[in-house]
Amino acid sequence: MTSPESLRVRASTPRHPSWRAQAPVVAVVALGGGAGATARYAASLWWPTPAGGFPWTTLGVNIAGCAVIGVFMVIITEVRTAHPLVRPFFGTGVLGGFTTFSTYAVDIRRLLDAGQAGPGLAYLVATPLAALAAVWLAAGATRRVLKGRQR
């Protein structure tokens, strides 16, 4: 007779990908992040925010980066299959390094600390709404352009 103990299904230990398997992904994210952060820094040098001024550069960078994310995601998910490292390199690395929602948070704090509650709250609300709108509009425009090219 079989004992109840021998019939129990043993839970398997979850397998974690080995470091060797993850190293290429980590490397391309790091390289892409460096490139994106460099581009963001260049934008801040090209279009600096004056002390106490509204952070137009950060807002513009975040909107532009989100628009590019919309285009990129349509292309790699609906148009053609990309190499497995393209998404982590460009999507997570380059665009993640380019867009700067941590600076967005710091900018809000600076505006509030400077007694500019109205602009700070407007920026707090406008940035995520504009970023989401940029992704949505860019993805939709990309689909329309690609559909028009197929005719």
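A residue counts as buried when its relative accessible area is under 20%, and in this predicted model buried residues make up 25% of the 151 residues in the chain. The chain holds six helices and zero strands, so that its elements, read from the N terminus on, run α-α-α-α-α-α. Among contacts between residues at least 6 apart in sequence, 72% join residues at least 24 apart.

Helix H3 and helix H4 (residues 86-98) pack with their axes 9 Å apart and at an angle of about 170 degrees. Angles over 145 degrees count as roughly antiparallel, and H3 and H4 are therefore roughly antiparallel to each other. On the H3 side the contact involves residues including Val61, Val68, Ile69, Phe72 and Ile76, while H4 contributes, among others, Val86, Arg87, Phe90, Leu95 and Phe98. By class, the residues of this contact divide into eleven nonpolar, three polar and one charged.

The largest pocket encloses about 320 Å³ of space and is lined by 19 residues, of which Thr49, Thr58, Thr103, Asp107 and Arg110 lie nearest its centre. Helix H2 (19-46), helix H3 (56-79) and helix H5 (101-113) each supply at least two residues of this lining, and the largest share, four residues, comes from H5. The composition of the lining by class is set out below.

| Class in the pocket lining | Residues |
|---|---|
| Nonpolar | eight residues |
| Polar | eight residues |
| Charged | three residues |

H3 thus appears in both descriptions, supplying at least two residues to the lining of the largest pocket and packing with H4 at an angle of about 170 degrees.

Notes. Residues numbered from 1 in each chain as written. Predicted model: local features only at pLDDT ≥ 70, side-chain atom pairs only at ≥ 80, totals over all residues. Heavy atoms only, no water. 1 Å grid on protein atoms, 1.4 Å probe; cavity = no way out; pocket = protein on both sides within 12 Å on 5 of 7 lines; lining within 4 Å. Points joined across faces, edges and corners; volume = space filled by probe spheres on them. Nonpolar A, V, L, I, M, F, W, Y, C, P; charged D, E, K, R; others polar. Axes fitted to C-alpha atoms, helices over the stretch in contact; angles between N-to-C directions. Parallel < 35°, antiparallel > 145°, perpendicular 65-115°, else oblique. Contact = heavy atoms within 4.5 Å. Buried < 20%, exposed > 50% of the residue type's maximum accessible area, 1.4 Å probe, protein only.
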